Amino acid sequence: MRFFALLCVAMFAGLVGQHFIGPLPPYGARVLLLPVIMFYGALALPVPGMLALALCGGLMWDALHVQVILPEENSVEVALGWSIVLYAVLGTLMSGFRPLFQRGRWEIHCLLSGVCTSVIVLAEYLMRTFRADPDNPVVLIFNQEIWWRIGGAGMIAAMLSPLFFFALNYLAFLVGHDPQPARKGRATT
Amino acid sequence: MSRRIVIPSVAAFIVLVGLILILSPHNMRRVQAGFLGLISPFLKTGSTVEKKFREFREGLKTLDQLEADNKRLSIANKDLSATNQTLRGLEAENNQLRKALQYRERAVFTLKPARIIGRDASTWYNKIVIDRGSEDGLAKEGDQPVLTEAGLVGKTTVVSDHSATVVLIADETCKVAGNVEGTREQGIIKGERMSNSRTPSVGLNFISKQANLQPGQNVYTSGTGGVFPGGVLIGQVKEFKVKELDGYASLIPAVDLATLEDVFVVVGKTK
């Protein structure tokens with residue numbers, strides 16, 4: 001429970017921190033910290049914990065960023081809560097790799113964290129495209145700029161993941177939670 | 001993990017998400033405003049620290065430089081006060097004449113200064129957070145124009161007690177009715193999908209194919225639509241293109257959205 005609370009605080013801090021990191025050149029890829037923390041939580045917590053974390057993280061994200069209310073129609077472009085579903089689906093995918101993580105392996109999880117972050121950005125793009133302007137036909141643009149923004153966010157997340165995973169693992173031990181109980185030299189006989 | 005724990009937790013998750021997804025737009029905005037109120041003290045603190053750090057990094061000025069700056073600003077202040085007084089007189093005179101000609105009196109707007117405390121960190125949205133909210137006189141339902149002395153910035157959306165989110169003109173959801181200086185051309189200005197505050201891309205849509213706009217022509221708000229007052233500079237024409245059914249002009253926003261620090265919110269009208 002203390003570890004779950006710690007992850008929620010870390011996600012909130014990540015959300016605040018993201019505001020002070022501008023879009024990166026050349027095409028404006030963003031540094032997304034909250035998803036990295038969320039995906040670490042999906043590895044370190046059992047399924048119910050992961051779902052609760054997806055609920056908190058997705059709600060925080062949507063409340064601040066995603067959905068926009070279109071005043072003319074009094075309708076929403078992207079409804080509050082869609083990110084929760086997205087985080088839960090991707091968190092479930094990460095959970096599938098939990099046994100490997102518990103044995104002390106990180107590599108594939110860091111890469112997967114980057115891929116999942118890109119999926120979030122892509123999903124947001126698709127949601128905006130399909131919901132943006134009900135009066136106009138849907139136009140899907142996939143040019144170099146769009147791909148850079150989607151892939152760039154994932155690459156940055158993959159590069160930041162080892163740092164975050166290490167720091168959060170350390171904090172987990174401080175609050176009495178062992179996220180990798182089956183690690184070599186730690187497993188009980 | 002035991003199914004006896006997983007299955008109820010998944011069921012509870014689905015129910016909770018379902019309840020959140022069916023919230024009405026009004027309640028969604030309330031949730032957003034509540035969360036914005038929660039996060040804004042952290043954004044304010046972070047923004048203050050960032051500003052102090054930047055000021056420190058840009059270097060300390062000598063006393064001579066400060067004195068020179070002070071003198072220059074005092075003169076500029078007196079000059080602007082005098083101009084303001086003259087313009088107020090002209091405004092009153094203009095309104096009297098409009099009245100005599102049975103035109104609608106031009107409204108005078110009250111501006112509320114605000115500081116930017118955060119920039120949206122999502123990839124596809126162009127928003128900023130300012131340090132003024134409903135307690136400072138902003139309308140809770142949002143939709144109030146935000147501008148600087150250089151031109152239009154955007155409009156408020158989610159408003160909490162002491163902070164508000166502003167959607168920039170570079171965002172595709174911010175649509176503004178505008179007209180082109182020296183022509184009768186009118187159109188809708190909105191941001192492009194790839195736009196962001198560092199490289200804003202704004203376009204004037206639905207103008208006639210014969211418009212033949214030239215680079216550098218100013219585009220102003222037309223005042224129709226009820227959100228934005230008329231006559232506020234939006235930007236300059238960069239390029240004019242003829243599309244299948246109408247004309248399109250890409251614009252350079254008058255306001256540098258990347259370096260923006262302080263803005264004004266149009267909070268009301270006074271006669």
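## Chain A: overall build

Among contacts in chain A between residues at least 6 apart in sequence, 72% join residues at least 24 apart. The model is a predicted one. Chain A holds 7 helices and 2 strands. Read from the N terminus, its elements follow the order α-α-α-β-β-α-α-α-α. The chain has 189 residues, and 46% of them are buried.

## Helix H2 of chain A

Helix H2 of chain A spans residues 34-44. 11 of its 11 residues are buried, so the helix is largely enclosed by the rest of the structure. The buried set begins with Leu34(A), Pro35(A), Val36(A) and Ile37(A). It continues with Met38(A), Phe39(A), Tyr40(A) and Gly41(A). Ala42(A), Leu43(A) and Ala44(A) complete it.

What supplies the cover? Other helices of chain A contribute to it. They include H1 (2-18), H3 (47-66) and H4 (82-95). H5 (98-102), H6 (107-131) and H7 (144-174) are also among them. Two of these packings, with H6(A) and H7(A), are described next.

## H2 against H6 in chain A

Two packed helices are described by the angle between their axes and the distance between the axes. For H2(A) and H6(A), the axes come within 10 Å and cross at roughly 130°. The two helices are therefore oblique to each other. Their crossing is right-handed.

On the H2(A) side, the contact uses Pro35(A), Val36(A), Phe39(A) and Leu43(A). H6(A) answers with His109(A), Ser113(A), Cys116(A), Thr117(A) and Ile120(A). By class, the residues of this contact are 6 nonpolar and 3 polar, with no charged ones.

An α-helix has 3.6 residues a turn, so residues three or four places apart point the same way. In H2(A), the residues that meet H6(A) include Val36(A), Phe39(A) and Leu43(A).

## H2 against H7 in chain A

H2(A) also packs on H7(A), at an angle of about 55° and with the axes 9 Å apart. That angle makes H2(A) oblique to H7(A). This crossing, too, is right-handed.

Pro35(A), Val36(A), Ile37(A), Tyr40(A) and Ala44(A) represent H2(A) here. They meet Ala157(A), Leu160(A), Ser161(A), Phe164(A), Phe165(A), Leu168(A) and Ala172(A) of H7(A). The contact residues comprise 11 nonpolar, 1 polar and no charged. Pro35(A) and Val36(A) take part in the contact with H7(A) and in the contact with H6(A).

## The barrel of chain B

In chain B, 6 strands close into a barrel. Their order is S6-S7-S8-S11-S10-S9, and the pairing is antiparallel. Neighbouring strands of this sheet are turned by 40° against each other on average, with direction ignored.

One pairing in chain B joins S7 (residues 186-191) to S8 (residues 202-207). These strands run antiparallel and share 4 bridges. Within S8(B), Leu204(B) stands opposite Ile189(B).

## Strand S5 of chain B and its partners

Strand S5 of chain B covers residues 164-168. 5 of its 5 residues are buried, so the strand is largely enclosed by the rest of the structure. In a regular strand the side chains alternate between the two faces of the sheet. In S5(B), Ala164(B), Val166(B) and Leu168(B) point one way. Thr165(B) and Val167(B) point the other way. Residues on both sides are buried.

S5(B) has an antiparallel partner in S2(B) (residues 127-130), joined by 4 bridges. Here Ile130(B) has Ala164(B) as its bridge partner. S4(B) pairs with S5(B) as well, again antiparallel and over 4 bridges. Lys155(B) stands opposite Val167(B) in that strand. S4(B) and S5(B) form a hairpin, with 4 residues between them.

## Val153 in strand S4

Val153(B) lies in S4(B), which runs over residues 152-159. Is Val153(B) buried or exposed? Val153(B) has 27 other C-beta atoms within 10 Å, so it counts as buried.

Leaving aside neighbours within four places in sequence, its contacts include Val146(B), Leu147(B) and Thr148(B). Val166(B), Leu168(B) and Ile169(B) are also in contact with Val153(B). So are Val255(B), Leu260(B) and Val263(B). Glu261(B) is 108 residues from Val153(B) in sequence, and their C-alpha atoms are 11 Å apart in space.

## Where the chains meet

How many residues of each chain take part in the contact? 39 residues of chain B are in contact with 45 residues of chain A. On the chain B side, H1 (3-21), H2 (25-57) and S1 (108-119) each supply at least two residues. H2(B) gives the largest share, 11 residues. The side of chain B that touches chain A has 21 nonpolar, 10 polar and 8 charged residues.

Note on methods
Residues numbered from 1 in each chain as written. Chains lettered and ligands numbered in written order. Predicted model: local features only at pLDDT ≥ 70, side-chain atom pairs only at ≥ 80, totals over all residues. Contact = placed C-beta atoms within 7 Å. Nonpolar A, V, L, I, M, F, W, Y, C, P; charged D, E, K, R; others polar. Buried ≥ 20, exposed ≤ 12 C-beta atoms within 10 Å, placed from the backbone. Axes fitted to C-alpha atoms, helices over the stretch in contact; angles between N-to-C directions. Parallel < 35°, antiparallel > 145°, perpendicular 65-115°, else oblique. Left-handed = near helix turned anticlockwise from the far one by under 90°. Pairing = 2+ DSSP bridges.
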